[in-house]
Amino acid sequence: MARMRTADDGRDAYVAFVASHQHRLLRAAYLVCGNRHQAEDLLQDALLKLALRWPSVREGDPAAYVRAILYRDAVSWWRRRRREWLSAYPPERETRDADGVLRLALHDALGQLPPRQRAVLVLRYFEDMTEAATAEALGVTVGTVKSQCHAALRRLREVAPELGRAEGRLDGDLATEPEVTQ
């Protein structure tokens with residue numbers, strides 16, 4: 001009976017972990033792959049791998065373990081399927097919401113980055129991880145993280161220059177460009 005209770009305690013801890021972290025992990029997966037359905041599949045696979053290793057991982061940082069699985073699986077998925085890009089994007093709706101415009105621009109720009117560069121940006125700036133932690137999560141060196149981050153930011157500036165112009169403005173001034181009168 002004591003043995004069953006121990007197994008139940010592990011299961012309850014796993015269920016509690018999933019309940020408290022699944023939304024943040026799903027957002028991270030979406031940012032990495034850019035597709036909600038693929039993000040859900042990635043997260044489901046990562047949580048399954050976590051469940052299989054839960055007894056050895058639960059005392060450490062299971063969220064970091066899941067993130068590492070997410071980012072590595074996203075890169076692997078992209079490598080296996082990079083020749084086929086099936087997508088049915090709905091037509092863009094015109095909006096006056098400046099944040100929405102910037103989000104769409106960022107989403108489109110991130111979609112033009114290779115998976116490793118996208119993963120580095122998500123880990124560094126969305127997950128707010130250090131270069132060393134990012135390198136560990138991706139299984140690469142710190143130098144690779146730095147070079148991938150530099151290349152990704154340069155590419156973002158090329159494909160979406162409006163993102164760079166918006167960063168220095170106040171939140172209320174993002175909607176329109178200043179008018180120039182002569």
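**Exercise 1.** Which backbone oxygen lies 3.1 Å from a polar atom of the side chain of Arg 118? Characterise the surroundings of Arg 118 in this predicted model.

*Solution.*
1. Locate the residue: Arg 118 belongs to helix H5, which spans residues 115-126.
2. Examine its charge partners. Arg 118 is buried but forms no salt bridge. The nearest side chain of opposite charge is that of Asp 108, 10 Å away, whereas a salt bridge requires a distance within 4 Å.
3. Turn to the backbone. The oxygen in question is that of Cys 33, at 3.1 Å from a polar atom of the Arg 118 side chain.
4. List the contacts. Leaving aside residues up to four places away in sequence, Arg 118 touches Leu 31, Val 32, Cys 33 and Gly 34, together with Leu 110, Gly 111 and Leu 113.

**Exercise 2.** Determine which residues of helix H6 are buried, and why they lie on the same side of H6.

*Solution.*
1. Within H6 (residues 131-138), the buried residues include Thr 134, Ala 135, Ala 137 and Leu 138.
2. These residues cover an arc of only 165° around the axis, and therefore lie on the same side of H6.
3. After the helix comes Gly 139, with a positive phi near 75°.

**Exercise 3.** Identify where pLDDT falls below 50 and state the contacts of those stretches.

*Solution.*
1. Begin with the whole chain: its mean pLDDT is 79, and 75% of the residues reach 70 or more.
2. Residues 1-5 stay under 50 and have zero contacts beyond four places in sequence.
3. Residues 168-182 are also below 50, but this stretch has ten contacts in the model beyond near neighbours in sequence.
4. Where pLDDT is low, predicted coordinates should not be read in detail.

Key:
Residues are numbered from 1 along each chain as its sequence is written. This is a predicted model: local features need pLDDT of at least 70, side-chain atom pairs count only at pLDDT 80 or more; totals for chains, interfaces and linings use all residues. Side-chain values use heavy atoms; hydrogens and water are left out. Helices (H or I, at least four residues) and strands (E, at least two) are DSSP runs, numbered from the N terminus. Buried means under 20% relative accessible area, exposed over 50%, partly exposed in between (1.4 Å probe, protein chains only). Lys and Arg count as positive and Asp and Glu as negative; His and the chain ends are not counted. A polar contact is a pair of N or O atoms within 3.5 Å; within protein, one must be able to donate a hydrogen and the other to accept it, and residues adjacent in sequence count only if both atoms are side-chain atoms. Contact means heavy atoms within 4.5 Å. The arc is that of the directions from the helix axis to the C-beta atoms. pLDDT is the predictor's confidence in each residue, from 0 to 100.
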